[in-house]
Amino acid sequence: STDTRITQRLGGNREPNVLKENEKIIAYWNRAAKGDALRETVSQWAHESDEDYLKRWVEEGEYVAGKIKSHSPANPVALEIGPGMGRITLPMSKYCRSITALDIAPEMVHLTQETLQGLPNFEVKLITDEDLSFLPSESFDLVYSIACFQHAEKKTLYRYLRGIRRALRPGGVLFFGVMSLCSEQGWQHFQAIVETDYPEFFHTPEEISCYLKHAGFSSHKLEYEGETLWAIAQR
């Protein structure tokens, strides 16, 4: 097969998928968890007071949670990828039957556990392989990921999407956002980090549609908002 020929040309079988390609990204978020994790997930604007920043942090989380709910089945068993300090988790917890959260970095998992301890029907787990094979099949009504997939390399993102589809129940919904390279705001953001090592990856609408199609989702639609490209897909 074509896959076999490519594998042979690259020097043998692909090793088990153990996140080796993302070691640099994992290290980055482990450091972030021990630093100012709040501002790593949502940047504070210049001349914005700490009080105004924290207010915006909460309001933006509630706004995005509202968008997720508008596309979600009622009272879902939910999977969240990249919960951070609970900006989306907290408002979604009032709506979901339960939330299982995943993160790629052990220190972020620890921080999330510490920050959201006591939240009912909530657990957080470490991502141990990009295919998400540790998740039970057809177990979730809703999967969402906000400001997370933009930090995943493109092969990783595609592997996640395949794993998510397997974990969703028939008719289940996936909602996520990535940075759009094609928007003016997205391009400006891209230019701002071109000379840095910041682990952020940008996408075009055509790429996201292609990934979702080949990952096996039955249908999807895209919405545009500033630098963000929202994707809503159904198994």
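**Close-up views of a predicted model**

**View 1. Strands β7 and β8 pair in a hairpin.** Here, in this predicted model, β7 (residues 219–225) runs antiparallel to β8, and seven bridges join the two strands. For a handy landmark, look for Glu223, which stands opposite Trp230 in β8. Two residues lie between the strands of this hairpin, and Gly226 takes a positive phi near 60°.

**View 2. The largest pocket and the residues that line it.** This pocket has a volume of about 790 Å³. Its lining is made up of 27 residues, and if you start from the centre, those lying nearest are Thr41, Glu60, Met179, Glu227 and Thr228. By character, the lining divides into 12 nonpolar, eight polar and seven charged residues.

**View 3. Helices and strands that contribute to the pocket lining.** Five elements are worth finding here: α3 (37–41), α4 (50–70), β5 (168–180), α8 (184–193) and β8 (228–234) each supply at least two residues of the lining of the largest pocket. Helix α4 gives the largest share, with four residues. Strand β8 may look familiar from the first view, where β8 pairs with β7.

**View 4. Helices α7 and α9 cross.** Two packed helices are described by the angle between their axes and the distance between the axes. For α7 (residues 154–167) and α9 (residues 205–215), the axes come within 9 Å and cross at roughly 40°. The two helices are therefore oblique to each other. As for handedness, the crossing of α7 and α9 is right-handed.

Note on methods. Residues are numbered from 1 along each chain as its sequence is written. This is a predicted model: local features need pLDDT of at least 70, side-chain atom pairs count only at pLDDT 80 or more; totals for chains, interfaces and linings use all residues. Side-chain values use heavy atoms; hydrogens and water are left out. On a 1 Å grid over the protein atoms alone, a cavity is a set of points where a 1.4 Å probe fits but cannot get out, and a pocket is an open set with protein on both sides within 12 Å along at least five of seven lines; lining residues have an atom within 4 Å of a point. Grid points are joined across faces, edges and corners, and a volume is the space filled by probe spheres set on the points. Ala, Val, Leu, Ile, Met, Phe, Trp, Tyr, Cys and Pro count as nonpolar, Asp, Glu, Lys and Arg as charged, and the others, Gly among them, as polar. Two strands pair if DSSP finds at least two bridges between them. Axes are lines fitted to C-alpha atoms, for helices over the stretch in contact, and angles run from 0 to 180 degrees between N-to-C directions. Angles under 35 degrees count as roughly parallel, over 145 as roughly antiparallel, 65 to 115 as roughly perpendicular and the rest as oblique. A crossing is left-handed if the near helix is turned anticlockwise from the far one by less than a right angle, and right-handed if clockwise.
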